[in-house]
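Subject: Structure handover and findings

Hello,

I am passing on the structure we discussed, with notes on what came out of the analysis. Please read the notes with the structure open.

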Amino acid sequence: MQALLCGYPACVIRNGVMLQRPVHNRKVHVLVATPAGVSGQGGIDRIMGALNHELERQGGTDIDARFLPSRGSGPVALSAFHMTGFCLRMLAARMAGHVDVVHINVSSFGSTYRKMVIAKCAQLLGIPYVLHLHGAQYQTFWQENRSFMSHRIRQMFEHASRVVVLGRIWRDFVAARAPGAAGTIVIVPNATEVPSLAHVGGGDTVHILFLGRIGDRKGIPQLLDALHRMEPIKDWRATIAGDGEVEATRLRSAELGLAERISFPGWVGPTKVASLIASADILVLPSFAENLPVSIIEGMAAGLAVVTTPVGAVEDIITNEQSGLLVPPGDVAALTEALTRLIEDTALRARLGAAAMAVHRERLELSSFAASIRCVWHEAARGMRPGAKS
């Protein structure tokens with residue numbers, strides 16, 4: 001892998017390892033606000049859990065990061081309890097001198113309302129905070145208007161020491177909504193580990209895999225329609241794995257005569273996800289809205305041929321006809337054509353899968369992600385502008 005700067009000349013990274021650390025006098029203590037903690041099942045918790053694991057694997061004495069729940073995994077009514085608990089622990093850490101940076105993962109709706117409180121508390125305590133923007137629907141949620149709430153969201157972003165986004169489209173979006181934050185925005189795409197299981201594929205039957213929450217936003221109705229159109233084609237099967245509208249989708253697949261060709265295992269944990277990816281040939285995600293989906297990156301890491309839609313920051317990592325196939329959201333005919341091409345053309349599957357894997361190894365490995373976040377924390381703690389030289 002070539003050396004990556006990750007936007008920070010002071011932090012040269014090769015193979016995910018910082019070769020030149022920024023000059024600092026002591027360890028940087030970080031409190032990370034993640035919804036349910038690193039053992040949570042949500043997308044943000046999974047990413048933060050992977051980050052925590054990678055930081056432990058890398059070792060080093062420059063970072064002390066504690067990952068704390070800000071919403072909890074129980075009823076929504078208890079989310080205020082966890083948010084308050086995080087703020088109290090932040091206060092205690094501040095009084096003890098054991099916090100230099102607060103890392104705030106933020107998504108839409110209730111997440112934003114809770115994180116505005118946490119960000120304000122950090123600001124009042126004089127602690128620099130980093131906002132890490134997730135959520136597929138933030139463009140819809142944060143409307144460009146002069147409402148009180150829009151103003152408060154803008155203030156939260158503009159008072160951040162750093163704003164971490166997952167791709168160019170989100171950088172431009174935040175800069176347009178919060179011009180005062182434009183100089184603090186850093187692009188750090190999601191990342192995954194290199195798979196531990198060898199990729200074997202589906203054998204004589206091409207295995208099409210969907211991973212995610214089952215519902216309209218992910219394009220599941222359109223996927224079922226496309227698979228129905230492909231019913232006359234032999235030698236394929238599909239797995240639609242995830243929580244959400246599982247039973248309704250299973251019933252719909254049976255109505256379409258696809259019950260014998262599509263399996264619905266429901267929500268699956270990391271071990272089962274790894275097994276499904278190893279046995280798949282095609283990763284499909286026909287979403288209407290995304291930020292930067294981890295399931296695509298997991299498929300790329302294993303060398304699967306990817307079929308998805310150009311939403312969110314997807315085009316930052318997938319180039320149509322080179323590292324995957326992009327189809328317009330909601331276009332059943334285009335989705336059917338893309339899947340059919342990959343089923344019938346083994347060489348195309350292999351070419352796209354190899355290119356996707358190369359992109360993952362170059363830009364989307366977990367080690368590089370962790371090193372980039374370390375750089376963000378160091379510079380936020382030191383009050384440096386992004387890219388400033390030590």
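What is the volume of the largest cavity? The largest cavity has a volume of about 30 Å³. Please keep in mind that this is a predicted model.

Cavity

The search covered the whole structure and found 1 cavity of 30 Å³ or more. Its lining is made up of Gln 222, Pro 286, Thr 309, Val 327, Pro 328, Pro 329, Gly 330, Asp 331, Val 332 and Leu 335. By residue class, the lining of the largest cavity has 6 nonpolar, 3 polar and 1 charged.

Salt bridges

The whole structure has 12 salt bridges. Three of them are described here.

One is within a helix. Arg 154 pairs with Glu 158, and their closest N and O atoms are 3.0 Å apart. Both residues belong to helix H5 (residues 148-158), where they sit 4 residues apart, about one turn of the helix. Arg 154 is partly exposed at 26% relative accessibility, and Glu 158 is partly exposed at 25%.

Another salt bridge joins the side chains of Arg 162 and Glu 379, with an N to O distance of 3.7 Å. Arg 162 is in strand S7 (residues 162-165) and Glu 379 is in helix H13 (residues 366-381), so this pair ties together parts that are 217 residues apart in sequence. Are Arg 162 and Glu 379 buried or exposed? Both are buried.

The side chains of Asp 243 and Arg 213 also form a salt bridge, at 3.2 Å from N to O. Here the partners are in loops: Asp 243 in the one between strand S10 (236-241) and helix H8 (246-255), Arg 213 in the one between strand S9 (206-211) and helix H7 (220-229), so the pair ties together parts that are 30 residues apart in sequence. Asp 243 is partly exposed, with a relative accessibility of 32%.

Helix H8

In H8, the buried residues include Val 246, Thr 249 and Ser 253. These residues lie on the same side of H8, because they cover an arc of only 70° around the axis. Leu 251 and Glu 255 are exposed, and they are on the face of H8 turned away from its buried side.

Cysteines

How many disulfides are there? The count comes to 0 disulfides. For Cys 121, the nearest cysteine sulfur is that of Cys 87, 3.6 Å away, and Cys 121 is in no disulfide. The cut-off for a disulfide is a pair of cysteine sulfur atoms within 2.5 Å. Cys 121 is partly exposed, with a relative accessible area of 24%. Cys 375, at 0% relative accessibility, is buried.

Backbone

Two residues have a positive phi although neither is a glycine: Phe 109 at about 55° and Glu 321 at about 70°. Phe 109 is in the loop between strand S5 (101-106) and helix H3 (110-124), and it is partly exposed, with a relative accessible area of 45%. Glu 321 is in the loop between strand S13 (305-308) and strand S14 (325-326). Its relative accessible area is 31%, so Glu 321 counts as partly exposed.

Positions in H12 and H3

His 360 is part of helix H12 (residues 346-363). His 360 has 0% relative accessibility and therefore counts as buried. Its C-alpha atom is 7.1 Å from that of Ile 297, and the two residues are 63 residues apart along the chain.

Leu 124 is in helix H3. At 66% relative accessibility, Leu 124 counts as exposed. From C-alpha to C-alpha, Leu 124 and Gly 180 are 19 Å apart in space, with their positions 56 residues apart in sequence.

Regards

Key. Residues numbered from 1 in each chain as written. Predicted model: local features only at pLDDT ≥ 70, side-chain atom pairs only at ≥ 80, totals over all residues. Heavy atoms only, no water. Buried < 20%, exposed > 50% of the residue type's maximum accessible area, 1.4 Å probe, protein only. 1 Å grid on protein atoms, 1.4 Å probe; cavity = no way out; pocket = protein on both sides within 12 Å on 5 of 7 lines; lining within 4 Å. Points joined across faces, edges and corners; volume = space filled by probe spheres on them. Nonpolar A, V, L, I, M, F, W, Y, C, P; charged D, E, K, R; others polar. Salt bridge = Lys/Arg side-chain N within 4 Å of Asp/Glu carboxyl O. Helix = DSSP H or I, 4+ residues; strand = E, 2+ residues; numbered from the N terminus. Arc of directions from axis to C-beta.
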